[in-house]
Amino acid sequence: MSYSSEWKKRVFETHEIQVLVKPRSPIEWDYTVRVCRKGTNIRAADTLVETSPPSEHYKSPTEAEAAGFARGKELAERL
């Protein structure tokens, strides 16, 4: 089954969270998460960007995406 890597967006309270899932290897997946205030440019300098830790192992794109949005929510709550 192929997976199309594209940014997916959710709004959490006053912040926008975007997650991009990419293959780390043929059997593992990574995520990149971006967080900014809702309505601002997600590529702005004050946007938080974080990648999944190398110690975390996601066996499916769905699992990596869920972890990315969970991490994005944690970051948004700290802003």
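**Figure 1. Pairing of Val 21 with Tyr 31 in the S2–S3 hairpin of the predicted model.** In this predicted model, Val 21 stands opposite Tyr 31 of strand S3. The two strands concerned are S2, residues 15-25, and S3, residues 28-37, which pair in the antiparallel sense over 10 bridges. Ile 17 provides a further view of this pairing, standing opposite Val 35 in S3. S2 and S3 form a hairpin, and 2 residues lie between them. Strand S3 is largely enclosed by the rest of the structure, because 9 of its 10 residues are buried.

**Figure 2. The open sheet and its edges.** The sheet is open and contains 4 strands in the order S1-S2-S3-S4, with antiparallel pairing. Strands S1 (8-12) and S4 (48-51) stand at the edges; each has a single partner strand, so one side of each is left without a neighbour in the sheet. From one strand to the next, the twist averages 20°. Helix H1, residues 61-78, packs on this sheet and touches S1, S2, S3 and S4. The direction of H1 makes about 30° with that of S3. Strands of a sheet pair through backbone hydrogen bonds, in either a parallel or an antiparallel manner. Here S1 is joined to S2 by 5 bridges, with the two strands running antiparallel, and S3 is joined to S4 by 4 bridges, again with antiparallel strands.

**Figure 3. Arg 71 at the contact between helix and sheet.** Arg 71 is found in helix H1. Its side chain makes a polar contact of 2.5 Å with the side chain of Glu 50. Leaving aside residues up to four places away in sequence, Arg 71 touches Tyr 31, Val 33, Glu 50 and Arg 78. Two of these partners are also paired with each other: Glu 50 in S4 is the bridge partner of Val 33.

**Figure 4. The aromatic pair of Tyr 31 and Tyr 58.** A search of the whole structure finds 1 aromatic pair. The pair is formed by Tyr 31 and Tyr 58 and is tilted, with 5.9 Å from centre to centre and 50° between the planes. Distant parts of the chain are linked by this pair, since Tyr 31 lies in strand S3 and Tyr 58 in the loop between S4 and H1, 27 residues apart. Tyr 31 counts as buried because its relative accessibility is 4%, below the 20% limit for that class. Tyr 58 likewise counts as buried, at 8% relative accessibility.

**Figure 5. Arginine side chains over aromatic rings.** Arg 10 lies over the face of Phe 69, at 4.0 Å from the ring centre. In a second view, the charged end of Arg 34 sits over the ring of Trp 7, 3.6 Å from the centre of that ring.

**Figure 6. The S1–S2 hairpin and the positive phi of Glu 13.** Glu 13 is found in the loop between S1 and S2. These strands form a hairpin with 2 residues between them, in which Glu 13 takes a positive phi near 50°. Most residues other than glycine have a negative phi. Glu 13 is exposed, because its relative accessible area of 65% is over the 50% cut-off. Beside the loop, Phe 12 has His 15 in S2 as its bridge partner.

**Figure 7. Surroundings of Arg 37 in strand S3.** Arg 37 has its place in strand S3. With a relative accessible area of 47%, Arg 37 is partly exposed. Its contacts, not counting residues up to four places away in sequence, are with Thr 14, His 15 and Glu 16. The side chains of Arg 37 and Thr 14 are joined by a polar contact of 3.3 Å. The C-alpha atoms of Arg 37 and Val 11 are separated by 9.3 Å, whereas the two residues are 26 residues apart along the chain.

Conventions:
Residues are numbered from 1 along each chain as its sequence is written. This is a predicted model: local features need pLDDT of at least 70, side-chain atom pairs count only at pLDDT 80 or more; totals for chains, interfaces and linings use all residues. Side-chain values use heavy atoms; hydrogens and water are left out. Two strands pair if DSSP finds at least two bridges between them. Axes are lines fitted to C-alpha atoms, for helices over the stretch in contact, and angles run from 0 to 180 degrees between N-to-C directions. Contact means heavy atoms within 4.5 Å. A polar contact is a pair of N or O atoms within 3.5 Å; within protein, one must be able to donate a hydrogen and the other to accept it, and residues adjacent in sequence count only if both atoms are side-chain atoms. Rings of Phe, Tyr and Trp (its six-membered ring) pair if their centres lie within 6.5 Å; planes under 30 degrees apart count as stacked, over 60 as edge-to-face and the rest as tilted. Buried means under 20% relative accessible area, exposed over 50%, partly exposed in between (1.4 Å probe, protein chains only). A charge sits over a ring if NZ of Lys or CZ of Arg is within 6 Å of the ring centre and within 35 degrees of the ring normal.
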